[in-house]
Amino acid sequence: MNHAGIFEEFAEALGRAYQMEELNLLSDFWKGTFRILTYLCNHQEEEVYPATLSDALHVSRSRITSSLASLQQKGLIETEGSQKDGRRVIVRLTEAGNAFYERKRRDALQYVQRLTEQLGEENLAELTRLVNLCVDVAEKNSGRRKK
């Protein structure tokens, strides 16, 4: 097996994919501050603290603090003191944050719909299976476990 040739072809394909605007639209969901918005959107009925975000997203507390300041400055989140524990701060989406998240989510879903129409459901399901397999192997090799 020609591992070098396979690597070159794989690296070239990934490089082309990362240059696509549409893939960047999807990748927003797992990168940077958008991960915080996604978490907050999915946990709106809970009290979410900065430490909760840090633990759930595997991001340092200082990075979370910086990201929250940026999101708050943009009007996408708000913070308030916890009534249960005055030392803690609760983080939640603003209406603008919810609207921003939903707009990005809608755009991403439209892209996936177009992709499904062009690739077909079976091929997209196979691609998803292979990506999950790659992640599983990478997690196993790195010692990280799925939660």
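Arg87 is exposed in this predicted model. Its relative accessible area is 75%, well past the 50% cut-off for that class. Arg87 forms a salt bridge with Asp85. The closest N and O atoms of this pair are 3.0 Å apart.

By the rule applied, the count comes to four salt bridges. Side chains of opposite charge can pair when their charged atoms come close. A further pair joins Glu80 and Arg92, with an N to O distance of 2.4 Å. Glu80 belongs to strand S1 (residues 77-81) and Arg92 to strand S2, so this bridge ties together parts that are 12 residues apart in sequence. Both ends fall into the partly exposed class: Glu80 has 37% relative accessibility, and Arg92 has a relative accessible area of 29%. Asp55 also forms a salt bridge, with Arg61 as its partner. Here the closest N and O atoms lie 3.4 Å apart. Asp55 is partly exposed at 48% relative accessibility. Arg61 is partly exposed as well, at 48% relative accessibility.

The fold was examined next. The protein comprises seven helices and two strands. From the N terminus on, the order of elements is α-α-α-α-α-β-β-α-α. The two strands thus follow five helices and precede two others. Overall dimensions depart from those of a compact globule. For 147 residues, such a globule would have a radius of gyration near 15 Å. The protein has 19 Å. Along the principal axes, the C-alpha atoms fill a box of roughly 60 × 35 × 25 Å.

Burial and surface were computed for the whole protein. Of its 147 residues, 24% count as buried. The exposed surface amounts to about 10900 Å². Carbon and sulfur atoms supply 51% of that area. Contacts between residues at least 6 apart in sequence were also sorted by separation. Of these, 48% join residues at least 24 apart.

In soluble globular proteins, nonpolar side chains tend to be buried together. The largest nonpolar core in this model has 18 residues. Those with the most contacts inside this core are Ile36, Leu37, Leu40, Leu53, Leu68 and Ile77. Four elements give two or more residues to the core: helix H3 (32-42), helix H4 (50-57), helix H5 (61-73) and strand S2 (89-93). Helix H3 gives the most, with six residues. Leu40 illustrates the packing. Leaving aside residues up to four places away in sequence, Leu40 touches Val48, Leu53, Ile77, Val91, Arg92 and Leu93. Among these neighbours, Leu53 and Ile77 are also listed with the most contacts inside the core. Arg92, another neighbour of Leu40, is the residue whose side chain meets Glu80 in the salt bridge described above.

A final site lies in helix H7 (residues 121-142), which contains Thr128. Thr128 is partly exposed, with 42% relative accessibility. The side chain of Thr128 reaches the backbone oxygen of Leu124 at 2.9 Å. Arg63 was taken as a distant reference point. The C-alpha atoms of Thr128 and Arg63 are separated by 30 Å. Along the chain, the two residues are 65 residues apart.

Terms used
Residues are numbered from 1 along each chain as its sequence is written. This is a predicted model: local features need pLDDT of at least 70, side-chain atom pairs count only at pLDDT 80 or more; totals for chains, interfaces and linings use all residues. Side-chain values use heavy atoms; hydrogens and water are left out. A nonpolar core is a set of buried Ala, Val, Leu, Ile, Met, Phe, Trp, Tyr and Cys residues joined through side-chain atoms within 4.5 Å. Buried means under 20% relative accessible area, exposed over 50%, partly exposed in between (1.4 Å probe, protein chains only). Contact means heavy atoms within 4.5 Å. The radius of gyration is taken over C-alpha atoms; the globule rule is 2.2 Å times the number of residues to the power 0.38. Accessible areas come from the Shrake-Rupley method with a 1.4 Å probe; for residues, only the protein chains shown count as cover. A polar contact is a pair of N or O atoms within 3.5 Å; within protein, one must be able to donate a hydrogen and the other to accept it, and residues adjacent in sequence count only if both atoms are side-chain atoms.
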